[in-house]
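The exercises below ask you to work through a structure step by step, and each task is followed by its solution. Keep the sequence and the 3D view open while you read.

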Amino acid sequence: MSNLVQRLQITAHPQLEKSLGYRGDSRWVAWRWEPDIDQLISSDGKTVGTGNNMAWLVFLQHDLVDPVVQEYNLGEGDRYWLLLDTETRNLYVGEGKTVQSLLEQPESLGLLACLDGGNADRQTGENWQQTLSQLTAKPVVRHLTNALPFGIAAALIGALGIGTGLWVVPAVQQKLAEKTAFISPISSGANCGLGGSDDFSAYIGSSSGNKELHLIGVYEANADHKNRDLSKSALAKPSERLEVKVERRNKPIILALSAYEPVQWNITAEPGAVIEKIIVNGYHNQTVSGVSGIPIEEHSYEETGDNLGDFIYKWGATPESSNTSSLVTKLEQKNSISLTSFQGCYRGKNFRIN
């Protein structure tokens with residue numbers, strides 16, 4: 001047990017996260033009650049979404065749960081968050097800032113699971129050793145491991161998918177050729193604000209077709225949320241404004257912008273850049289400034305009652321895991337185009353699409 005989070009003396013039912021409305025695939029997920037809007041919120045370190053209010057209350061008031069969590073006031077305040085390890089089914093409680101920080105540093109949560117006797121971790125390690133032993137018995141793999149240091153050989157085995165019955169080198173070569181001809185839209189000049197996670201996260205996808213889809217996601221633009229309605233005002237503070245510069249000229253683009261907290265998205269389109277439309281997604285109201293004559297689709301729970309999807313601000317460990325994001329899926333389906341790029345961080349300041 002850690003002093004940062006307290007392990008509860010109960011374990012979670014296998015369907016708890018689904019019952020509470022979480023549909024992601026992260027190992028760790030946390031829930032908190034947002035008293036200002038009477039809404040359950042979930043977070044897994046990559047995305048933030050809304051949950052099932054009624055299921056949350058039923059869970060907290062259960063005879064076995066209530067005595068354990070009563071002191072944390074999980075049904076009325078947002079100071080404490082409930083944290084779930086979906087592999088061991090252990091439940092923890094911790095202060096919001098601590099839990100959010102841990103979610104953004106999964107290696108810390110992995111250590112917590114080990115210290116708490118995470119059988120799943122030990123089993124995973126045993127399975128990996130057994131699988132590796134079987135794979136290295138194959139002649140082609142044995143040749144690889146003899147020629148390379150063990151760590152590099154193991155990484156190659158995982159990367160090439162040897163043992164799956166597929167040989168992926170031609171596909172990899174094709175992808176490399178595509179990347180060479182494809183000018184990256186991601187800029188190293190993105191600025192993530194201090195005080196939250198300053199880790200910049202990005203993904204480059206497909207650029208096929210006659211237009212591109214670019215997504216920028218943050219949780220917030222600053223840490224001051226005392227007056228969330230300020231974002232609706234023309235007098236919004238500069239610290240709440242997030243700058244987006246679009247310089248990409250090779251194809252028309254659809255620009256998607258997503259945030260949980262209210263953000264004023266100030267767009268600068270360089271000469272020659274064509275923005276076909278702008279789609280904003282948020283829990284709280286989002287505003288767009290700096291451009292005119294461009295169709296803007298707003299999907300915010302607070303303003304329209306219908307957010308487009310979750311509030312992703314960090315790409316997953318693999319593209320496959322992140323493409324299960326409801327926002328990415330709905331954007332691709334809505335516009336009949338694959339995602340070209342994603343950029344994001346917890347507290348965003350400025351981004352650029354080259």
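**Exercise 1. Decide whether Y219 and Y260 are buried or exposed, and then describe how Y219 meets a further ring, that of Y313.**

Solution. In this predicted model, both Y219 and Y260 are buried. Turning to the further ring, the centres of Y219 and Y313 lie 6.2 Å apart and their planes stand at 75°, so this pair is classed as edge-to-face, since planes over 60 degrees apart fall into that class. The two residues come from distant parts of the chain, with Y219 in strand 9 and Y313 in the loop between strand 15 (296-300) and helix 10 (319-322), 94 residues apart. For the burial of each partner, the cut-off is a relative accessible area under 20%; Y219 has 6% and is therefore buried, and Y313, at 2%, counts as buried as well.

**Exercise 2. Find how many aromatic pairs there are, and state which kind of pair Y219 and Y260 form.**

Solution. The count of aromatic pairs comes to 14. One of them joins Y219 and Y260, whose rings are 5.1 Å apart from centre to centre with 10° between the planes, and this pair is stacked. Here too distant parts of the chain are linked, because Y219 belongs to strand 9 while Y260 sits in the loop between strand 11 and strand 12 (263-269), 41 residues apart. As a last step, place these rings in their wider setting: Y219, Y260 and Y313 belong to one aromatic cluster, which also includes Y283, Y301, F311 and Y346.

**Exercise 3. Find how many salt bridges there are, and explain what the pair of R27 and D85 ties together.**

Solution. The count of salt bridges is twelve. In one of them the side chains of R27 and D85 meet, at 2.8 Å from N to O. R27 lies in the loop between helix 1 (16-19) and strand 2 (28-34), whereas D85 is in strand 5 (residues 80-85), so the salt bridge ties together parts that are 58 residues apart in sequence. Both R27 and D85 are buried.

**Exercise 4. Work out where R248 and E212 lie and whether they are buried or exposed.**

Solution. Begin with the contact itself, a salt bridge between the side chains of R248 and E212 at 2.5 Å from N to O. R248 is found in the loop between strand 10 (241-246) and strand 11 (253-259), and E212 in strand 9 (residues 212-220), so that the pair links distant parts of the chain, 36 residues apart. With a relative accessible area of 3%, R248 counts as buried, and E212, at 0%, is buried too. To finish, look for shared partners: salt bridges of that kind join R27, D85 and E87 into one network.

**Exercise 5. Describe the protein chain as a whole: how many helices and strands are there, and what percentage of its residues count as buried?**

Solution. The protein chain has eleven helices and 16 strands. Of its 354 residues, 46% count as buried. Its accessible surface comes to about 17600 Å², and 53% of this belongs to carbon and sulfur atoms. Finally, among contacts between residues at least 6 apart in sequence, 62% join residues at least 24 apart.

Note on methods. Residues numbered from 1 in each chain as written. Predicted model: local features only at pLDDT ≥ 70, side-chain atom pairs only at ≥ 80, totals over all residues. Heavy atoms only, no water. Helix = DSSP H or I, 4+ residues; strand = E, 2+ residues; numbered from the N terminus. Buried < 20%, exposed > 50% of the residue type's maximum accessible area, 1.4 Å probe, protein only. Contact = heavy atoms within 4.5 Å. Areas by Shrake-Rupley, 256 points an atom, 1.4 Å probe, with all protein chains shown as cover. Salt bridge = Lys/Arg side-chain N within 4 Å of Asp/Glu carboxyl O. Phe/Tyr/Trp six-rings, centres within 6.5 Å; stacked < 30°, edge-to-face > 60°.
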